[in-house]
Structure formats: C-alpha cells, structure tokens
Amino acid sequence: MSRPLLWIFLLFSTLSYGGPIVVIDPGHGGKWVAKKTDGSQKGNGSSWNNATAATFGILEKDLALDYSQAVAKAFAASPRAQKLGAKAILTRNSDTSLSSMGRAAVAVENTARVFLSIHFNGSSSHTAEGTRGYIVSKDHPHWEFMHFVNPYAERDRAFSDLVVKNVATALQPFGGDPSKAKTVGDSKGDGGHLKDGIRTLGFARQDTHLYQAVVMLLEVEFIDNPKVSNWLLGTKNRDKARQAVAAAIVTAICDHLENDTPPSAPRKAR
Ligand SMILES: [Zn+2]
C-alpha cells in the first residue's frame with residue numbers, strides 16, 4: 001500500500017470503529033511501597049498485591065496479569081468476538097500500579113460495554129475454595145458506608161453469574177467444585193463482601209457513560225488454599241487451566257454482548 005493510501009486507510013479504520021469495547025482489568029500490580037502498610041496503600045482503592053499462592057510462591061498480581069492477557073488474546077482470536085466487532089483492552093499490560101479510579105477511567109474513556117476485573121482470592125482460614133463474582137448491590141442500608149443504589153445490579157448479577165458459572169465449569173476437570181461458586185454483592189444483606197475496587201467502579205459509573213457497561217470483579221479461585229494452589233498452579237495444569245478459564249470468559253462475554261441491550265440513558269442515583 002502506498003503511503004498516502006495507508007494513512008487514509010488508518011484514518012478510516014480509526015474513525016469507523018464502533019464495535020463494543022471490553023475492558024479487562026488485571027487486579028493489583030506494581031511494587032510494595034516502603035513504610036506503608038498494604039492497608040494504607042489501599043487508600044486509592046487498589047493495593048499492589050493481596051493473595052499469595054500457598055505453593056509455588058506465585059503472587060496474585062502476576063497471575064491476574066497472566067490470565068487477563070490470556071483473555072485478551074483469546075478474545076482477539078474468537079470468531080464470535082470478531083463477528084461482533086468487539087475489542088478487548090487491558091488496563092495494564094505490565095507490572096504497574098493503577099488506582100481504582102485509573103482502572104475505571106479506562107472503561108469510561110472507551111465507553112466500555114464490559115468491565116471485568118480479574119483477581120485471585122484468599123481467606124483467613126486458607127481453606128476456602130470456589131470461583132466468586134463480586135458486584136455492587138442494588139441497595140445499601142443507610143448505615144452502610146456506600147449510600148447509593150446500583151440501578152444496574154440485576155444486569156451486573158446476571159453477567160457475573162454467567163462468568164462465574166462458565167469459569168467454575170471450566171475449572172472442574174482440574175479440581176474445581178462448581179457447587180462452591182457464587183456471585184455476592186457488597187451490601188451486608190447481599191453477601192457483604194467489601195471490595196474497594198468494585199465500589200470505586202460503582203461510584204465511577206454514576207454520572208458517566210460507564211452505565212453501558214456491566215461491572216464485576218472475578219476471583220478465579222482461592223490460591224492461598226494449598227489444595228487449590230496445587231491443582232490450579234502445578235506445572236501439569238497451569239497453562240491448560242488458564243486457557244480454559246480464558247475461553248470460558250470469552251464465551252460469557254460474547255453471550256452477554258449478543259443478548260444485552262445497554263440502558264439508553266443514565267438514571268440518577270438518589
Ligand atoms: Zn485481589
């Protein structure tokens with residue numbers, strides 16, 4: 001192609017792009033900041049790393065990036081995604097630290113239709129297992145920290161249920177138990193899991209066009225449980241499990257994009 005023709009082609013390919021944008025957010029990232037506890041680093045809604053695998057010494061932030069890159073790659077190669085004209089964007093592609101607002105901004109700037117943050121869980125007993133989806137609940141009692149409604153909670157929940165079900169089913173051949181998989185909300189009557197990042201996204205969606213997006217945080221599995229860590233991250237399964245999860249997420253996103261009609265206008269929180 002000659003140079004002027006190439007420029008015209010590039011200009012048109014940019015201008016004419018209108019397919020759905022999917023933002024995949026690899027949780028955490030960057031380095032621990034000296035003299036700050038991990039808790040204080042959460043002030044911006046995002047910490048450098050939370051869970052560490054019980055075996056193999058793998059950090060959540062590195063796994064989140066690996067899995068997110070696998071999802072983006074599988075999405076780009078998916079004939080269904082291509083037919084939809086959909087494109088996946090990562091909030092980070094290296095070991096860097098982003099604030100929760102910085103992550104949300106990527107979705108807002110791109111008028112994303114899907115915002116999916118990928119994490120790996122831990123529990124105080126180190127025995128919990130199962131895939132979890134986290135969403136902002138429909139309503140929060142007045143005594144709770146978050147005093148806004150999520151008018152899109154049912155849509156978020158349906159998407160989260162789909163992702164969680166697909167991921168848990170994909171992990172079953174490796175050792176996962178789909179009966180332990182579930183979606184939980186952040187209000188106390190709805191699971192009560194306080195995920196700073198997902199709340200920040202809930203805030204960011206108010207008064208922005210992020211309302212077009214379904215917003216969820218996925219915890220693939222509890223990597224601090226030695227049993228899970230062994231079947232998920234052992235050399236026998238590690239690559240296969242990641243590929244299976246990536247394919248499961250791509251299927252869920254395509255199902256969603258093919259069936260979802262985004263709300264036509266933002267509704268004000270009360
Ligand atoms: Zn996390």
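Start by selecting helix α8, residues 226-233, whose buried residues are Val-228, Ser-229, Trp-231, Leu-232 and Leu-233. Show β6 (214-222) and α9 as well, since these are the elements against which the buried residues of α8 pack. The model is a predicted one.

Zoom out for the whole chain. The protein has 270 residues, and 45% of them count as buried. Its secondary structure consists of nine helices and six strands. Taking contacts between residues at least 6 apart in sequence, 78% join residues at least 24 apart.

Next, select α9 by itself, residues 238-259. Place a distance between its end C-alpha atoms: they are 32 Å apart, which agrees with the 32 Å that 22 residues should span at 1.5 Å a residue. Then colour the buried residues of α9: Ala-241, Arg-242, Ala-244, Val-245, Ala-246, Ala-248, Ile-249, Val-250, Ala-252, Ile-253, Cys-254 and Leu-257.

Keep α9 on screen and add helix α3, residues 60-77. The two axes come within 8 Å and cross at roughly 55°. That angle is outside the ranges for roughly parallel, roughly perpendicular and roughly antiparallel, so α3 is oblique to α9. The crossing of α3 past α9 is right-handed. To see the contact, show side chains on both helices. From α3, pick Asp-66, Tyr-67, Ala-70, Val-71, Ala-74 and Phe-75; from α9, pick Arg-242, Gln-243, Val-245, Ala-246, Ala-247, Ile-249 and Val-250. Coloured by class, this contact of α3 with α9 shows 10 nonpolar, one polar and two charged residues.

Now hide α3 and bring in helix α6, residues 153-171. The axes of α6 and α9 come within 8 Å, with a crossing angle of roughly 150°. Angles over 145 degrees count as roughly antiparallel, and α6 and α9 are therefore roughly antiparallel to each other. Here too the crossing is right-handed, with α6 passing α9. On the α6 side, select Phe-159, Leu-162, Val-163, Asn-166, Val-167, Thr-169, Ala-170 and Leu-171. On the α9 side, the contact is made by Ala-241, Ala-244, Val-245, Ala-247, Ala-248, Ile-249, Thr-251, Ala-252, Asp-255 and His-256. By class, the contact of α6 with α9 has 13 nonpolar, four polar and one charged residues.

For a last view, label Val-245 and Ile-249 on α9. Both are buried, and both take part in the contact with α3 and in the contact with α6.

How values were computed:
Residues are numbered from 1 along each chain as its sequence is written. This is a predicted model: local features need pLDDT of at least 70, side-chain atom pairs count only at pLDDT 80 or more; totals for chains, interfaces and linings use all residues. Helices (H or I, at least four residues) and strands (E, at least two) are DSSP runs, numbered from the N terminus. A residue is buried if 20 or more other C-beta atoms lie within 10 Å of its own, exposed if 12 or fewer, and partly exposed in between; C-beta atoms are placed from the backbone. Two residues are in contact if their C-beta atoms, placed from the backbone, lie within 7 Å. Axes are lines fitted to C-alpha atoms, for helices over the stretch in contact, and angles run from 0 to 180 degrees between N-to-C directions. Angles under 35 degrees count as roughly parallel, over 145 as roughly antiparallel, 65 to 115 as roughly perpendicular and the rest as oblique. A crossing is left-handed if the near helix is turned anticlockwise from the far one by less than a right angle, and right-handed if clockwise. Ala, Val, Leu, Ile, Met, Phe, Trp, Tyr, Cys and Pro count as nonpolar, Asp, Glu, Lys and Arg as charged, and the others, Gly among them, as polar. The expected span of a helix is 1.5 Å times one less than its number of residues.
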